[in-house]
Amino acid sequence: MARKRRKRWHPPGTPPGTLSSHPEADKAPVRIALFRYDADNFEERALPPDEIASLSVPESGVLWLDISGLSDPGVVRAVGEQFHFHPLGLEDVLNVPQRSKVERFEGHLLIVLREVRHPEPPEQVSLFLGDRLVVSFQERPGDSFDPVRERLRQAKGQIRAQGADFLAYALCDAVIDAFFPTLEKLGDAVEELEEKVIASPSPERFHEIRRAKQRLLEVRRAVWPARDAMNELLREESPLIRPETRPYLRDCYDHTVQLMDMVETFREFAAGLVDEYMSSVSNRMNEIMKVLTVMATIFIPLTFIAGVYGMNFDTKASPYNMPELGWRYGYPAVLLVMAAAAGGMLAYFHRKKWF
Amino acid sequence: MARKRRKRWHPPGTPPGTLSSHPEADKAPVRIALFRYDADNFEERALPPDEIASLSVPESGVLWLDISGLSDPGVVRAVGEQFHFHPLGLEDVLNVPQRSKVERFEGHLLIVLREVRHPEPPEQVSLFLGDRLVVSFQERPGDSFDPVRERLRQAKGQIRAQGADFLAYALCDAVIDAFFPTLEKLGDAVEELEEKVIASPSPERFHEIRRAKQRLLEVRRAVWPARDAMNELLREESPLIRPETRPYLRDCYDHTVQLMDMVETFREFAAGLVDEYMSSVSNRMNEIMKVLTVMATIFIPLTFIAGVYGMNFDTKASPYNMPELGWRYGYPAVLLVMAAAAGGMLAYFHRKKWF
Amino acid sequence: MARKRRKRWHPPGTPPGTLSSHPEADKAPVRIALFRYDADNFEERALPPDEIASLSVPESGVLWLDISGLSDPGVVRAVGEQFHFHPLGLEDVLNVPQRSKVERFEGHLLIVLREVRHPEPPEQVSLFLGDRLVVSFQERPGDSFDPVRERLRQAKGQIRAQGADFLAYALCDAVIDAFFPTLEKLGDAVEELEEKVIASPSPERFHEIRRAKQRLLEVRRAVWPARDAMNELLREESPLIRPETRPYLRDCYDHTVQLMDMVETFREFAAGLVDEYMSSVSNRMNEIMKVLTVMATIFIPLTFIAGVYGMNFDTKASPYNMPELGWRYGYPAVLLVMAAAAGGMLAYFHRKKWF
Amino acid sequence: MARKRRKRWHPPGTPPGTLSSHPEADKAPVRIALFRYDADNFEERALPPDEIASLSVPESGVLWLDISGLSDPGVVRAVGEQFHFHPLGLEDVLNVPQRSKVERFEGHLLIVLREVRHPEPPEQVSLFLGDRLVVSFQERPGDSFDPVRERLRQAKGQIRAQGADFLAYALCDAVIDAFFPTLEKLGDAVEELEEKVIASPSPERFHEIRRAKQRLLEVRRAVWPARDAMNELLREESPLIRPETRPYLRDCYDHTVQLMDMVETFREFAAGLVDEYMSSVSNRMNEIMKVLTVMATIFIPLTFIAGVYGMNFDTKASPYNMPELGWRYGYPAVLLVMAAAAGGMLAYFHRKKWF
Amino acid sequence: MARKRRKRWHPPGTPPGTLSSHPEADKAPVRIALFRYDADNFEERALPPDEIASLSVPESGVLWLDISGLSDPGVVRAVGEQFHFHPLGLEDVLNVPQRSKVERFEGHLLIVLREVRHPEPPEQVSLFLGDRLVVSFQERPGDSFDPVRERLRQAKGQIRAQGADFLAYALCDAVIDAFFPTLEKLGDAVEELEEKVIASPSPERFHEIRRAKQRLLEVRRAVWPARDAMNELLREESPLIRPETRPYLRDCYDHTVQLMDMVETFREFAAGLVDEYMSSVSNRMNEIMKVLTVMATIFIPLTFIAGVYGMNFDTKASPYNMPELGWRYGYPAVLLVMAAAAGGMLAYFHRKKWF
């Protein structure tokens with residue numbers, strides 16, 4: 001929870017299919033781009049919202065409405081009415097954040113994906129796939145669709161020769177591929193943490209490990225349902241998805257599996273870091289205790305001996321009272337005894353491999 | 001177990017279908033509201049219990065008996081007899097708390113859900129769905145059905161144009177949506193705990209973490225079976241649920257999945273707090289030990305030196321006996337040696353980065 | 001393993017279907033009660049073992065042989081021969097303890113359940129369900145079947161009007177319902193432990209927590225397979241189980257699910273207690289270390305100062321030798337310095353919130 | 001890994017179906033016993049290896065080749081050729097250790113089981129089941145098959161009246177039942193460890209717990225695939241397994257489930273012992289720290305007081321210099337102060353319940 | 001992450017089926033070996049890349065293109081065009097590392113496996129299996145295929161008499177069998193660590209344990225999907241895989257299961273080592289604390305006594321002032337008291353079994 005959770009905002013009991021903007025939603029203005037293409041023709045232009053009502057699905061080729069910004073529920077409603085999208089699907093578009101999923105409605109599919117690109121806040125991408133029709137919604141005018149737009153413009157690859165399902169695949173693929181650089185960065189950060197933890201296991205390090213684990217968890221929570229959604233899409237029996245597109249969806253599904261693999265590897269690594277941290281901390285404690293024990297154990301007996309010869313028994317009152325004090329070599333002898341005691345202690349600790 | 005668990009009360013061996021009130025049940029009086037509506041007509045009135053026996057299912061439209069309070073088993077029995085509900089279903093209504101579930105009986109379905117709205121105690125909501133008939137039971141006159149009642153009165157949304165299954169969906173949806181604010185509050189509480197734990201890892205904090213984990217577990221135990229119940233309802237092949245209602249049930253199911261996602265996120269966060277707490281505690285221990293070790297290690301040797309020159313060897317008895325005591329710069333020299341020893345120690349600790 | 005595990009006793013290689021009594025089995029004498037009833041008639045009497053061979057299944061109604069005590073394998077063999085039960089089924093009756101299970105044989109089913117009623121040792125209940133026939137075996141003359149016998153005698157509920165499958169259900173239900181009071185008691189014990197752990201985290205407490213966890217595990221190991229067995233019974237396609245009995249079996253299955261829920265809740269609570277204990281222990285350690293550190297850190301420097309002015313440098317031999325000793329306010333000054341040092345330390349610890 | 005792991009020995013790239021002896025294999029000589037029987041006849045004799053080539057499956061009854069010792073691959077090859085066993089199956093016989101499994105080949109099944117009987121090393125048992133034919137391979141002439149041989153000789157039970165599938169069942173059952181005494185011994189050992197751990201939590205105890213856990217894991221790794229194998233055998237649709245044998249296989253499968261149950265119970269117990277050990281260790285640490293803290297806290301202030309009155313301020317130089325030294329009751333007063341301080345400390349510790 | 005992770009390199013949005021070399025890929029030059037054989041004939045030769053376009057699948061027997069080195073995407077493209085492989089399949093060949101998997105395309109299968117042979121870096125092996133055709137790609141000219149080549153040359157085993165599916169099996173088997181020596185080495189390393197940990201639980205040891213765990217995890221992550229791939233291949237219903245090859249694939253699958261078993265055993269062992277390490281560390285701490293406590297507890301009271309008799313109360317000023325100092329046996333008596341106190345302490349510690 002490094003960043004503020006966004007709250008659901010529809011109060012309990014709101015009628016289903018209610019379309020309104022999330023109060024915490026990005027205030028990015030709505031922009032609509034229209035793409036109409038087939039193998040031979042290509043048209044791209046900005047679409048004013050009031051032209052939505054006069055749009056129609058082309059007889060051949062593909063119509064793509066590329067909409068960014070969710071601040072105007074009216075646009076979503078207009079699109080929904082024009083193409084007969086289910087009100088619950090439209091509600092999911094506006095009521096961010098949703099889990100990644102595929103919804104089957106009559107005559108169209110809704111694909112919801114969650115895009116996570118650190119350090120930007122996560123964003124929801126919603127795609128309606130109809131016959132010869134794709135309508136995509138993004139929260140902000142993002143750049144993950146840019147390569148797809150470019151491929152369309154330049155007729156790069158086979159994208160213009162394929163149908164709406166291939167376009168939907170290409171958009172999903174772009175969203176999912178955008179996870180890779182984010183994850184790589186997280187992985188690098190976790191690996192750098194290892195050296196820091198070994199060098200100085202301070203509580204700040206522990207906190208950083210936890211933050212990294214939380215960020216990995218966030219990615220995991222986004223990738224896991226995306227994998228399920230891709231798998232569902234892959235097995236979808238709707239005629240909207242042609243057999244020749246399936247290998248591409250399978251490829252996209254494979255990417256989500258690879259992402260899960262990476263996330264799990266990093267998570268295991270981070271969990272190992274916690275152990276490393278704990279072990280470092282108890283090792284430091286051992287070091288501290290050793291220093292204390294060595295110092296105390298060496299000097300406490302010596303101080304005792306010094307204390308004994310600091311007693312004030314009256315040597316004149318009785319020959320038994322500390323006669324050592326009057327001996328010729330009393331003082332050097334005591335010093336020798338002290339040195340011997342200290343040396344013995346040191347030898348003992350050395351044998352115990354305490355230093 | 002922040003609050004008292006409610007015990008099952010039917011003693012082992014009670015015949016199945018026995019209808020009696022839970023001795024620990026809310027003593028809230030039974031109130032029955034009757035709603036009868038179709039797309040064009042709407043009737044709402046309070047129903048005295050003795051009129052139950054003369055009720056009948058309308059030929060068109062929907063009859064909703066909205067009953068709150070379980071203190072009178074007679075009402076439950078009367079309703080059951082009038083509409084031929086299965087005795088085991090009726091027993092489940094009275095024998096709270098049940099796990100959330102869907103039960104299939106001949107001609108009707110029973111949907112049991114658990115409502116958790118902190119800080120109120122959890123409550124069981126039971127719905128019988130028959131042909132053109134919904135009978136709902138709540139433990140207390142709660143407010144989670146209020147928006148549905150309001151929508152019915154105001155013919156808001158499509159609710160009056162739809163059938164009994166849509167009403168049942170709307171009631172389930174209201175119960176499930178009521179989890180969201182509760183969960184948000186729990187999540188906020190857990191996040192606030194983090195700062196407290198870092199500031200002062202006292203045992204009280206640990207206790208609070210555990211309480212939060214227990215409350216999250218309680219929500220989880222309520223949501224998990226609710227998810228299963230919604231999934232079952234979604235896949236129910238009974239003619240009581242029309243195809244056009246299924247997308248709505250699917251939406252409701254999606255909400256339970258989102259709830260589980262939130263619960264799990266908060267639980268992971270709380271588990272991380274336990275680690276943070278433990279790490280803070282051992283860090284504090286390290287700090288304490290460092291202070292002790294630094295103080296002891298610096299002063300113990302100095303005290304020893306002072307002790308040596310506090311010995312009473314007779315300097316007159318022999319020139320070997322502590323001649324330093326009579327030196328001109330003996331005292332300053334000893335003070336210097338002491339200062340050097342302390343300085344060396346401090347340098348050693350500084351190099352070890354102990355402070 | 002608070003109580004002695006019972007060992008399997010058939011040595012490896014024993015031919016299957018060998019019928020002999022467990023050497024550690026209860027020596028309770030065999031008692032056979034015969035119940036024969038239909039909706040209108042009811043007969044109950046003790047049956048001498050030698051009359052088994054002349055028994056026959058009634059043409060209508062139900063015959064229930066209610067046998068307690070496994071000390072005489074001859075009785076089991078005789079029953080098995082009379083009603084053509086499978087030898088492996090008969091072996092399971094005698095070779096206690098078995099896991100709860102349902103076995104399908106030709107013409108009859110065997111239901112094995114494990115009854116756990118603290119503080120009594122667990123007991124195995126085995127039921128053969130045939131056409132118009134139930135034969136039940138208990139290890140000891142227990143009381144969990146008593147309510148069923150009573151309902152039969154008093155024709156309470158619908159039990160006499162129903163078939164053998166309903167009787168089998170009623171017996172299973174009685175065994176499973178007997179888990180509830182046991183579990184409630186365990187739950188109460190675990191909750192009481194919490195207060196004790198917080199008050200004094202002694203090793204005895206830890207031991208008690210572990211004992212409670214083991215007892216919960218024991219219940220879990222009994223309930224888990226019972227749930228599977230009930231589920232299997234519910235899905236059993238044998239004509240021995242009539243459709244109208246299935247809702248009752250489903251109800252019984254629901255009880256096992258509720259039991260699992262309770263067990264898991266208590267187990268989580270007990271696991272939390274272990275954490276609480278561990279946290280209490282390290283908190284106590286911190287407290288102890290703080291006391292030591294505060295005392296040592298305050299007095300060690302003071303003792304050092306006292307030691308310095310206890311040195312015997314000859315003040316007459318040189319003006320540099322401890323001239324403080326002859327100062328007019330030397331002693332009060334030293335006392336003041338000591339007080340200031342101690343006060344500084346206390347302020348430092350106070351700022352660190354050590355007390 | 002209390003005992004040496006046996007390594008796989010076929011180097012990577014060896015052609016499949018290569019038959020050669022494991023270099024670390026037991027050098028036990030190959031012994032072949034031939035059993036040929038039906039309900040009425042019985043023949044048992046040792047078979048010289050060169051007679052294998054002239055063997056044939058009897059027209060009625062069962063032929064069992066009971067082979068122990070794997071030191072001669074030629075025998076395995078000869079048997080394989082004579083009865084047309086698949087080369088991969090034969091390789092599995094020699095290439096020990098394999099996981100327990102059931103392999104389906106044309107016209108025959110291969111059942112591989114792992115026998116664990118402490119303190120002997122584990123052994124692989126391989127059974128080929130064909131039509132009227134069983135060929136069993138053991139690594140050493142072991143005794144787990146002895147009861148089956150005896151039952152055959154004495155026509156005890158129904159074994160001679162049944163087919164080859166029943167013999168295969170009886171052999172599997174013998175191998176699986178041999179786990180019970182081994183597990184009981186392990187369970188006893190673990191339970192004895194508990195008392196030792198509580199009495200003295202030395203590192204040796206910890207090591208013993210880990211050894212026990214490893215041994216339990218070894219059993220688990222042997223039982224788990226055996227359970228799967230038995231389940232597969234149970235569901236096997238081959239005509240080689242007759243319907244009347246299935247209840248026996250189900251019984252055998254039940255035994256593997258019981259074994260898993262026992263293993264898990266012991267494993268949980270052992271895991272609890274680790275907690276108990278850790279808790280004992282930190283409790284001991286607490287005890288040690290308490291003793292140190294009590295002693296140090298009581299005597300450090302007293303020593304300080306003594307140190308103060310050991311200072312050599314010149315009482316003659318000023319009336320402010322330690323006038324207490326000349327008081328009439330100075331010494332007794334100081335002793336009293338000391339006693340009071342010590343008593344206060346003791347009272348404080350007593351109130352804290354430190355002893 | 002002992003070694004550098006290789007990053008995915010296709011930037012997000014790259015069109016599917018883009019063929020280009022990984023910038024971090026091995027720069028090993030491309031080498032193509034052609035094998036063409038049937039039961040009677042055998043041809044092996046190096047193939048210059050420009051001859052790819054003139055290749056054709058033989059009418060009988062098998063064509064194997066054995067390609068090592070991925071530095072030239074042109075070769076991959078040429079092979080793909082010649083044999084009509086799917087562009088996504090070709091992309092997977094170049095875009096290393098992929099997870100192990102089986103991809104179904106029209107008329108051909110793609111098998112991707114990951115080879116892990118310490119200390120070499122992991123390598124990806126890709127196999128296209130068509131009708132009478134196998135094309136294999138390796139990253140480096142490795143030796144795991146050598147035994148297969150040798151078997152082909154020497155017509156060893158049945159490999160030349162079998163089809164392309166058997167060749168594909170043989171190559172998969174070679175890759176999977178290469179895991180065994182690697183895992184054995186890892187297992188030996190982990191077992192050796194145990195002795196080191198018990199002898200001296202230094203932080204370096206802990207680090208080594210973690211490294212071993214990471215390496216085991218790496219193997220696990222390679223074996224797990226390989227197991228799934230083999231299982232999928234086994235269940236593949238394509239006519240490309242003949243029924244007689246299935247037992248061999250099943251054998252290969254069994255090897256992956258055995259590998260998983262070994263990995264899990266070693267992982268459990270390594271996890272046990274962490275516990276052992278932690279237990280050793282806290283045991284050492286206990287030892288250190290015991291030494292400190294014994295020394296301090298014995299000498300602190302003695303030093304106090306010595307301090308008392310070092311006080312300078314004026315014995316002449318009052319008979320109550322330390323008259324002991326003038327007693328005849330004062331000094332010996334004090335020494336005796338000290339010896340008695342020390343002896344009592346030692347006896348106390350001995351009784352507590354501290355040494």
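In the predicted model, chain A can be superposed on chain B with an RMSD of 0.1 Å by a turn of 72° combined with a shift of 0.0 Å along the axis. The copies nevertheless use different surfaces, since 18% of the contact residues of chain A recur in chain B. Among the residues of chain A, the one that comes closest to the rotation axis is Gly310(A), whose C-alpha lies at 4.6 Å.

The contact between these two chains draws on 45 residues from chain A and 55 residues from chain B. On the side of chain A that touches chain B, the elements that give two or more residues are strand 4 (101–105), helix 6 (203–235), helix 7 (246–308) and helix 8 (330–351) of chain A. Of these, helix 7 of chain A provides the largest share of that side, with 15 residues. When the residues on the side of chain A that touches chain B are sorted by class, 26 are nonpolar, nine are polar and ten are charged.

A second pair of copies was treated in the same way. Chain D is brought onto chain C by a turn of 72° and a shift of 0.0 Å along the axis, with an RMSD of 0.1 Å. The two copies are thus related as by a five-fold rotation axis. In chain D, the closest approach to the rotation axis is made by Gly310(D), at a C-alpha distance of 4.7 Å. Only 15% of the interface residues of chain D are also interface residues in chain C, so the copies meet through different surfaces.

Within chain C, the strand pairing near the start of the strand numbering was also examined. Strand 1 of chain C, which spans residues 31–37, pairs in the antiparallel sense with strand 3 of chain C, residues 62–68, over seven bridges. In this pairing, Arg36(C) stands opposite Leu63(C) of strand 3 of chain C. Strand 1 of chain C is also joined to strand 2 of chain C, residues 42–46, by five bridges, and these two strands likewise run antiparallel. Here Phe35(C) has Glu44(C), in strand 2 of chain C, as its bridge partner. Strand 1 and strand 2 of chain C form a hairpin, with four residues lying between them. Strand 1 of chain C therefore has antiparallel bridges both to strand 3 of chain C and to strand 2 of chain C.

Definitions and conventions. Residues are numbered from 1 along each chain as its sequence is written. Chains are lettered from A and ligands numbered from 1 in the order in which they are written. This is a predicted model: local features need pLDDT of at least 70, side-chain atom pairs count only at pLDDT 80 or more; totals for chains, interfaces and linings use all residues. Copies are superposed by least squares on the C-alpha atoms of residues with pLDDT of at least 70 in both. Two residues are in contact if their C-beta atoms, placed from the backbone, lie within 7 Å. Ala, Val, Leu, Ile, Met, Phe, Trp, Tyr, Cys and Pro count as nonpolar, Asp, Glu, Lys and Arg as charged, and the others, Gly among them, as polar.
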